[in-house]
Amino acid sequence: MTPSSNMGNDSRRSHSRRSTRLAHTGRGGRRQTPAIDAELEEQIQRYEDFTTIDSIQDSILERNRRLRNERAIGRPGRFGGKLWTQLRRAVNATQSWVVVALVGVCIGIDAALISIVTEWLSDLKMGYCSDGWWLNQQFCCWEIEADSEETDHACDSWRPWSTVLIARWLVYVLFAISFAFTASHLVRSLAKYAAGSGISEIKCILAGFVMQGYLGFATLAVKSITLPLVIASGLSVGKEGPSVHVACCVGWLVAGLFERFRRSHGKMREIVTAASAAGVAVAFGAPIGGVLFSIEEMGHTFSIKTMWRSFFCALMATFTLSAMNPFRTGKLVLFQVTYDRDWHFFEIMFFVILGVFGGLYGALVVKFNVQVAAFRRKHLANHGVAEAVILAMITALIGYGNKFMRIDMTESMAILFRECDNSAGALCQTSMQWRIVNSLLLATVVRTGLVILSYGAKVPAGIFIPSMAIGATFGRMVGITVRAIYRAHPKSGIFAFCAPDLPCITPGTYAFLGAAATLSGVMRITVTVVVIMFELTGALTYILPTMIVVLVTKAVGDFMGTRGIADEFIRFNGYPFLEKEDHAYNDTVSSVMRTDLHTIVDTGMTVQELDVLLASTAVKSFPVVTQERLLQGLIGRTELRYVLDRARQHHRVVPETLCTFLAEPEDASVTELHGQSYDIDEDLPSSMFGGATQQTFNLWPWVNRTSMPVSPQLPLEIVLQIFKQLGPRIVLVEDRGRLVGLVTIKDVLRFVATGRPSEEHSELDVRGSLAALLETVWGSCDAALSADDVIGTFGYASV
């Protein structure tokens with residue numbers, strides 16, 4: 001890490017003071033920047049709250065462990081012979097695949113349980129099964145093929161809570177409020193990291209940043225329990241984004257049980273990447289789409305080995321989910337559908353309309369949702385439970401009167417995707433088509449507003465399914481309208497290609513394409529959406545329409561300057577994350593580097609001087625240099641403190657002991673194990689400290705000699721590529737062999753934020769019209785409450 005950049009985890013206050021001081025003082029070759037506002041200052045300070053992983057050093061440590069293990073395996077073991085050696089090598093080779101398989105199985109089981117509980121809780125708002133309280137409506141009325149649009153009287157065994165409409169409405173609202181309260185209270189009390197989608201944070205973790213506890217057991221347990229409650233409450237959020245977070249938690253915890261993975265950050269990130277693919281796979285029943293999602297959305301770099309492991313993990317998770325068959329229909333998701341009708345070329349003009357809507361929807365939701373998030377951070381940070389309860393109550397009160405908002409969103413999409421046949425129900429009746437269109441339009445508008453307000457609340461909340469539900473209602477509305485035009489003018493020119501004895505327009509396919517458009521518009525992903533929608537339908541004939549819709553959506557989004565909502569929240573939350581896109585900077589690394597360095601001389605320093613250096617600084621790494629400032633390597637603060645403490649435990653050193661950081665030329669292991677030879681997590685024998693005496697102590701095994709020096713004149717774009725492709729924690733800057741500075745990712749992000757403030761909110765101003773409206777409403781409510789307090793005070797005084 002950098003001096004003064006990657007500070008120790010002392011306290012947030014000390015980080016804030018330090019970063020504030022550095023923001024207003026010049027650093028060596030860096031030019032002074034103008035004063036920045038408090039909001040941007042707070043964003044920069046949050047960069048100091050994360051620990052960066054040095055991928056190069058981690059790879060070297062893993063290589064050294066592998067070499068030592070190979071030598072250990074090569075020696076005759078207890079049983080001797082080559083058979084034992086080959087067996088141990090085979091176990092090591094297959095361990096990764098065993099871990100990936102276990103992760104996939106656990107993800108599939110967790111997804112099945114969440115789906116079963118979600119369906120039962122969602123139906124519980126409407127009624128109960130007299131044959132068994134644990135049965136949802138589908139299992140209660142298993143022998144009846146009921147129309148899902150009519151949920152009140154599916155069969156005799158299913159009993160609504162009341163025969164009075166207003167009573168059923170009140171029970172529906174009360175259940176929604178209780179579910180939302182329970183979920184938000186559990187999140188606030190037990191695991192705050194369980195709130196939200198989690199995709200933005202996982203992208204940062206995969207980019208090399210550590211968020212302690214974000215993938216822990218408490219987060220997994222609370223999110224798995226509260227996710228069905230949130231979905232059943234009716235909030236306009238989905239479970240697909242949180243399913244990715246839950247899957248990554250499973251991958252992290254399962255891999256952490258194995259020492260080989262626990263010691264390697266790189267291997268842990270590979271498992272998390274594979275788990276994210278499995279999370280999408282079980283959410284949509286699309287294993288290939290899950291792999292593409294992990295490639296397109298989650299990772300900076302993606303190796304073939306990681307792709308195969310992601311594919312295998314997604315396969316195991318999907319196979320487990322299919323074996324458990326949570327819906328007892330053979331389908332992995334409720335809205336899985338098949339189409340046997342073809343489309344016509346004249347329909348492309350209507351598909352383009354769906355694509356335009358998807359792009360506009362994405363721009364609208366991203367912009368206004370970030371404004372709501374800014375308002376939430378300012379006024380509602382300590383009122384997460386109350387906010388979730390109020391949103392659930394409003395959603396239940398409004399949505400109960402609309403059949404497409406009353407039921408679960410996945411059930412709604414299953415209805416809207418359906419082809420019109422003899423069992424399609426009221427949705428396909430010509431006499432009710434305009435009434436249905438009005439309901440669909442109302443559901444589209446209201447659901448969009450609720451998504452803007454609900455996504456980001458302090459509960460597990462995704463945006464995949466709500467966006468798809470909005471696209472499905474809009475697409476079905478367009479499809480019904482086009483079919484009505486055809487029925488009114490069947491001999492028109494554009495309908496001349498329709499066969500007279502077959503249905504010309506299939507409104508369900510419009511709903512399907514609308515869902516693809518809105519999902520692509522809000523997430524800004526393309527290929528993944530096409531593959532997911534293909535896996536949902538299995539219809540090769542609709543790949544081309546899906547591609548057309550997604551490309552039009554992308555074009556509209558690019559024209560509007562919209563980022564994906566995950567990337568936008570990374571910027572909004574101030575996470576230190578380098579974008580995949582390359583940008584041109586007219587600066588060199590000397591404009592960004594730090595020159596106020598704390599260095600260690602390779603020979604001549606005593607243990608007492610090192611202790612003083614550790615106590616007086618909070619930097620994470622120290623460059624090791626000669627008296628002439630020639631670079632020798634880098635040693636971490638944690639490693640240095642650990643080694644000194646271990647040496648004291650063995651009574652090897654005293655405060656006056658001289659320390660050397662140079663390797664002896666005759667040490668054969670120097671040529672075999674390059675870079676830092678040992679990690680502090682390894683159980684090192686006391687003989688490692690045997691070279692320490694009260695006169696000298698050699699610390700060379702813990703010095704990283706593979707640091708990456710660059711020239712001060714190197715363009716900033718190339719330094720960014722080094723960070724993205726190789727993942728070093730620090731890039732050291734040398735001038736003719738002498739150390740002159742260093743730079744980290746956080747320094748680059750800070751430079752971009754302060755050096756180009758006009759671009760920071762050029763495309764997206766968080767102080768927009770919706771934020772102003774919310775501020776006005778908040779001010780009015782606050783004034784009304786203040787007035788009530790005054791009236792109450794005077795009334796009490798008069799009495």
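In this predicted model, Val612, Ala615 and Ser616 are exposed on one side of helix H24. The opposite side offers a useful contrast. Across residues 607-616, the buried positions of H24 are Val607, Leu610, Leu613 and Leu614. Because these buried residues fall within an arc of 120° when H24 is viewed down its axis, they line one face of the helix.

It is natural to ask next what covers that face. The cover over the buried residues of H24 includes two strands that come before the helix in sequence, S5 (600-601) and S6 (603-606). Strand S7 (621-625), helix H25 (637-649) and strand S9 (658-660) also take part in this cover. As for its orientation, H24 lies across S6 and S9 and runs at about 70° to S6.

Both of these strands belong to an open sheet, to which the description now turns. The sheet has three strands in the order S6-S9-S10, and its pairing is mixed. S6 and strand S10 (696-698) form the edges, each pairing on one side only. On average, neighbouring strands of the sheet are turned by 35° against each other, direction ignored. In general, the strands of a sheet pair through backbone hydrogen bonds, in either a parallel or an antiparallel sense. Here, S9 and S10 are paired in the parallel sense, over three bridges. For readers who would like to find this pairing in the structure, a handy place to look is Thr660, whose bridge partner in S10 is Asn698.

Two residues elsewhere in the chain are also worth a visit. One of them, Arg406, is found in helix H16, which covers residues 403-406. Is Arg406 buried or exposed? With a relative accessible area of 16%, Arg406 is buried, since the cut-off for that class is under 20%. Leaving aside residues up to four places away in sequence, Arg406 touches Met126, Tyr172, Gly399, Tyr400 and Gly401.

The other residue, Ile295, has its place in helix H12, made up of residues 287-298. Ile295 counts as partly exposed because its relative accessibility is 31%, a value in between the limits of under 20% for buried and over 50% for exposed. Ile295 can also be located relative to Ala277: the two are 18 residues apart in sequence, and their C-alpha atoms are 8.6 Å apart in space.

Conventions: Residues are numbered from 1 along each chain as its sequence is written. This is a predicted model: local features need pLDDT of at least 70, side-chain atom pairs count only at pLDDT 80 or more; totals for chains, interfaces and linings use all residues. Side-chain values use heavy atoms; hydrogens and water are left out. Buried means under 20% relative accessible area, exposed over 50%, partly exposed in between (1.4 Å probe, protein chains only). Helices (H or I, at least four residues) and strands (E, at least two) are DSSP runs, numbered from the N terminus. The arc is that of the directions from the helix axis to the C-beta atoms. Contact means heavy atoms within 4.5 Å. Two strands pair if DSSP finds at least two bridges between them. Axes are lines fitted to C-alpha atoms, for helices over the stretch in contact, and angles run from 0 to 180 degrees between N-to-C directions.
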